[in-house]
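What follows is a short report for a reader who has not met this structure before. The sequence and the model come first, and the text then moves from one residue to the chain as a whole.

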Amino acid sequence: MAGATVRVYYGAGLVGTAVVQSNGWWYVTPGSDLPYAQVTLTATQATAGGTSPQATRTFTIRMPVPGAPAFHTPAAGILVGQRRPAVNGTGVVGATVRVYYGAGLVGTAVVQSSGWWYVTPGFDLPYGQVTLTATQANGGGTSPQATRTFTIAQPQASVGGSPLSALPGATNVNPTVEVRNTGQYRIDAVPVTVTAPSGMTFMNNQLVLTRAGAADPPLAGSLTNADSTLTVNAVPLNLDPQTQVDVSVSMQVDANAAPGPEPVRFDLGTPPFATGDVTVDIT
């Protein structure tokens, strides 16, 4: 009715009021956001003669598909020294962010009330150029992908040890290399593989780290290739730039080993980023 005052409610909350125009139409813009859900509005109109019964209207407000999340760290094109660098950025509050390297899920996070999300990779990313992708999802669907490309610096280290002499049948021969971080980034945990030469075998499946004369507890690994290769994953070298640690194994010389020099090879990383030998002179 022209001139009547229309009041629109969501529940007990007043959405807005309007006066019916001479053409019979009224218009209300809600004064606050209605929820993403099925919504029922009620409306009455009032004149000097009183207030009408309620009218109702039910509809659904669908949450919009979010836009792509934004990466913040690592910065685009940067060189980082960790294979599990901190990854973070911004997104829609409450959305779930998923970060991928190729098809591999790096990690998930819920966007905090501040608008930020944080992911620590669940596995080592490769050395070299790395491209991560990220999506965010909420009730409206899943966003397009965001991408971030950066480079993980390959560690730099020197590996070398002093030669040893041993007799055929000798036990507790301990080839030892000094691993020195010659790069500009810290080296944390890396795989270490030791390969036995002809005529020598490992006495156990362990290697030992020694720092400033103090030995860490032995680290157990696995023997493969007819027990000629010892691999210990995630060896905690924990080397800041220009620091070093000794890595040793316990071996024995076969009783019928032929005389001559035999190299025991130590490889760091998979694939190796540093390699060194200890020569055992069987006399």
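Leaving out residues up to four places away in sequence, Ala-257 touches Pro-168, Gly-199 and Ile-282. In this predicted model, Ala-257 sits in the loop between strand 24 (244–253) and strand 25. Its relative accessible area is 10%, and because buried means under 20%, Ala-257 counts as buried. The C-alpha atom of Ala-257 is separated by 17 Å from that of Pro-175, a residue 82 places away along the chain.

**Strands and overall dimensions**

The secondary structure of the chain comes to zero helices and 26 strands. Along its principal axes, the C-alpha trace of the chain spans about 120 × 30 × 30 Å. The radius of gyration of the chain is 34 Å, whereas a compact globule of 283 residues would have a value near 19 Å. Of the contacts between residues at least 6 apart in sequence, 61% join residues at least 24 apart.

Buried residues account for 37% of the 283 residues in the chain. The accessible surface of the chain comes to about 14,700 Å², and 51% of that surface belongs to carbon and sulfur atoms. The chain carries 11 positive and 13 negative charges, and the mean positions of the two sets are 27 Å apart.

**Nonpolar cores**

In soluble globular proteins, nonpolar side chains tend to be buried together. In this chain the largest nonpolar core has 54 residues, and the members that touch the most other members are Trp-117, Leu-132, Val-179, Leu-237, Val-247, Phe-266 and Leu-268. A second, separate core has nine residues, including Ala-4, Val-39, Leu-41 and Ala-43.

Which residues does Leu-237 touch, not counting those up to four places away in sequence? The contacts of Leu-237 are Val-179, Ile-187, Asp-188, Ala-189, Val-190, Leu-209, Arg-211, Val-245, Val-247 and Leu-268.

**A buried threonine in a strand**

Thr-44 lies in strand 3, which runs over residues 38–47. Is Thr-44 buried or exposed? Its relative accessibility is 15%, so Thr-44 counts as buried. Leaving aside neighbours within four places in sequence, Thr-44 is in contact with Thr-5, Val-6 and Arg-7, and also with Thr-51, Ser-52, Pro-53 and Gln-54.

**Backbone details in the loops**

Most residues other than glycine have a negative phi, and most peptide bonds are trans. The table lists four places in this chain that depart from that pattern, each with its backbone angle and its loop.

| Place | Backbone angle | Loop |
|---|---|---|
| Thr-73 to Pro-74 | cis, omega near -5° | Pro-74: between strand 6 (70–73) and strand 7 (79–80) |
| Thr-270 to Pro-271 | cis, omega near -5° | Pro-271: between strand 25 (260–268) and strand 26 (274–282) |
| Ala-212 | positive phi of about 50° | between strand 19 (200–211) and strand 20 (214–215) |
| Asn-225 | positive phi near 55° | between strand 22 (222–224) and strand 23 (229–239) |

Ala-212 has a relative accessible area of 91% and is therefore exposed. Asn-225, at 54% relative accessibility, also counts as exposed, given that the term applies over 50%.

Terms used
Residues numbered from 1 in each chain as written. Predicted model: local features only at pLDDT ≥ 70, side-chain atom pairs only at ≥ 80, totals over all residues. Heavy atoms only, no water. Helix = DSSP H or I, 4+ residues; strand = E, 2+ residues; numbered from the N terminus. Rg over C-alpha atoms; globule rule 2.2 N^0.38 Å. Buried < 20%, exposed > 50% of the residue type's maximum accessible area, 1.4 Å probe, protein only. Contact = heavy atoms within 4.5 Å. Areas by Shrake-Rupley, 256 points an atom, 1.4 Å probe, with all protein chains shown as cover. Lys, Arg positive; Asp, Glu negative; His and termini not counted. Charge placed at Lys NZ, Arg CZ, Asp CG, Glu CD. Core = buried A, V, L, I, M, F, W, Y, C linked by side-chain atoms within 4.5 Å.
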